[in-house]
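Trainee: I am new to this structure and would like to look closely at one part of it rather than at everything at once. Please choose a place to begin and lead me from there, step by step, into its surroundings.

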Amino acid sequence: MTGTRSPHVVIVGAGVVGLGAAAEAHRRGHRVTVVEQAASVIGSSVQNFGHVGVTAQAGQARRYALAARERWLALGAAAGFPVSTTGTHVVARTEAELRLLGELHAERGDDEVRLLDADRTRAAVPVRPGAVVGGAHLPLDLQVAPRVAAPALAGWLERQGVTFRWRTAARAVGPGRVETTAGPVDADVVVVAAHHDLDRLLPDVATEAGLRRCRLHMLRVRPASSPRPFPGPLLTGWSMVRYEALAACPSADDVARELAAADPEAAAWDVNLMLTPQADGTLIVGDTHVRDVDAPVFQDEAGNTVLLRLLTDLLDTGVDVVERWQGTYATAPGREFLVAEPAPGVHVATVTTGIGMTTGLGLAADVLDRAGVTG
Ligand SMILES: Cc1cc2nc3c(=O)[nH]c(=O)nc-3n(C[C@H](O)[C@H](O)[C@H](O)COP(=O)(O)OP(=O)(O)OC[C@H]3O[C@@H](n4cnc5c(N)ncnc54)[C@H](O)[C@@H]3O)c2cc1C
């Protein structure tokens, strides 16, 4: 990156990671082009819950999440999409789950984890009386509307002067150049934010990391009757054994054993029962997890049946299903992020578990730092 012209950062992929890199590189004063094979933002970044679950992260993910939190707030204000600051509620349905929340509180303190007794939990979230023994409020967490936030960010970046090449696939990336289906694009720095399709663009990097696809059952439901809405995202015991900060608590093994014993079918589906309320009164509900190299679109209805059984057991009402879909995200054993520089000036930025809405904007900024794309 020498000379007087503004260095050109070319980003492959218009998901939250690629758009985060575009926003940050643009903010730092660089020329930016985003190359996206689809006609719009259509990947995992619109398939998700919109949960920015900062508190449940640990280690590098926590550092990225804290940085991403600031970026979501700033970008939401600039681009004009809502970012909700109501925080997350977690419900505990057994003493072990409640103990685990107490352990997280002991580590993080009142600023991050506010413990609630059963009455206050039920007052905060419309769950079935008797369904919970207590809970916690995680005030740092954010929520965005998943089908609004990333597309709004792309539209705003385009209006700010970032060049978008939609319906243009990157066929090869190398030092100083991206070969696309619409011809070559010269670049000083390339950021590959192709998510699980990294295995098609840079198969060696993906194979070495053991990158695969994780398929998830997702539902949007309308409660049949609801006296009051959920104030924000809701996590359950199934979430406690999944996210690093919760899963590292001493009682996590007890919670995992209890869940598996109480509901082997849900455990076999590797369920994470959680939901986020949407502006139209519906709830996004999920999810299940099946990992493989490819993600065939065919979904076993048994996954939906399990989720709906767990949901109606938790809620104080039945639900009507409005939509079903299969989400797909990248997964790799033993890591949450895949950051690599397979060729000089070519930087891979991949979130390799289901926390990219929480961490992706932080990862993107870190990868630019590593690439020397400074302000
Ligand atoms: C069902 C589901 C629920 C989730 N819930 C949450 C949640 O609530 N909170 C959270 O933190 N995370 C959640 N996640 C994870 C999160 O959505 C992802 O980690 C994140 O969206 C990944 O962003 P990305 O930009 O890397 O990928 P994507 O959004 O998938 O974008 C990658 C883009 O790259 C493009 N692309 C790929 N190859 C090429 C190529 N060769 N040329 C051009 N373009 C290319 C694709 O078309 C795609 O648009 C969830 C994921 C799923 C699937």
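Mentor: A helix here is a DSSP run of H or I that is at least four residues long, and helices are numbered from the N terminus. Please keep in mind throughout that you are looking at a predicted model. With that settled, begin at Asn304, which is found in helix H13, the stretch made of residues 301–314. A residue counts as buried when its relative accessible area is under 20%, and Asn304, with a value of 2%, is therefore buried. Leaving aside residues up to four places away in sequence, Asn304 touches His217, Leu219 and Arg324.

From there, step back to the division of the protein chain, which consists of domain 1 (8–81 + 146–210 + 334–370) and domain 2 (88–139 + 212–331). Taken over C-alpha atoms, the centres of domain 1 and domain 2 are separated by 27 Å, and the two are in contact through 26 residues of domain 1 and 34 residues of domain 2.

The largest nonpolar core has 99 residues, and those that touch the most other members are Leu19, Trp72, Phe81, Leu157, Val191 and Val271. Because domain 1 and domain 2 both give residues to this core, it lies between them. Apart from this core there is another one, of 23 residues, including Ala194, Leu201, Ala206 and Val348. As a general background, nonpolar side chains tend to be buried together in soluble globular proteins.

Now follow one of those well-connected members, Trp72, whose contacts, not counting residues up to four places away in sequence, are Val16, Val52, Phe81, Val83, Leu142, Val144, Ala149, Met357 and Leu361.

This brings us to a pair of helices. Helix H3 (residues 59–79) packs against helix H14 (residues 356–370) at an angle of about 100 degrees, and their axes are 6 Å apart. Since angles of 65 to 115 degrees count as roughly perpendicular, H3 is roughly perpendicular to H14. On the H3 side the contact is made by Ala61, Tyr64, Ala65, Ala67, Ala68, Arg71, Trp72 and Leu75, while H14 contributes Met357, Thr358, Thr359, Leu361, Gly362, Leu363, Asp366 and Arg370. Sorted by class, the contact of H3 with H14 comprises ten nonpolar, three polar and three charged residues. As for H14 itself, this helix is mostly covered, with 13 of its 15 residues buried, and just after H14 comes Gly372, which takes a positive phi of about 75 degrees.

Look, finally, at Leu75, which is found in helix H3. Its relative accessible area is 4%, so Leu75 is buried. When residues up to four places away in sequence are set aside, Leu75 touches Ala23, Gly80, Phe81, Leu153, Trp156 and Leu361. Phe81 and Leu361 thus appear among the contacts of Leu75, just as they appear among those of Trp72. A last pair of distances concerns Leu75 and Ile11, which are 64 residues apart in sequence and 18 Å apart in space, C-alpha to C-alpha.

Terms used. Residues are numbered from 1 along each chain as its sequence is written. This is a predicted model: local features need pLDDT of at least 70, side-chain atom pairs count only at pLDDT 80 or more; totals for chains, interfaces and linings use all residues. Side-chain values use heavy atoms; hydrogens and water are left out. Axes are lines fitted to C-alpha atoms, for helices over the stretch in contact, and angles run from 0 to 180 degrees between N-to-C directions. Helices (H or I, at least four residues) and strands (E, at least two) are DSSP runs, numbered from the N terminus. Angles under 35 degrees count as roughly parallel, over 145 as roughly antiparallel, 65 to 115 as roughly perpendicular and the rest as oblique. Contact means heavy atoms within 4.5 Å. Ala, Val, Leu, Ile, Met, Phe, Trp, Tyr, Cys and Pro count as nonpolar, Asp, Glu, Lys and Arg as charged, and the others, Gly among them, as polar. A nonpolar core is a set of buried Ala, Val, Leu, Ile, Met, Phe, Trp, Tyr and Cys residues joined through side-chain atoms within 4.5 Å. Buried means under 20% relative accessible area, exposed over 50%, partly exposed in between (1.4 Å probe, protein chains only). Domain bounds come from an automatic or database domain assignment.
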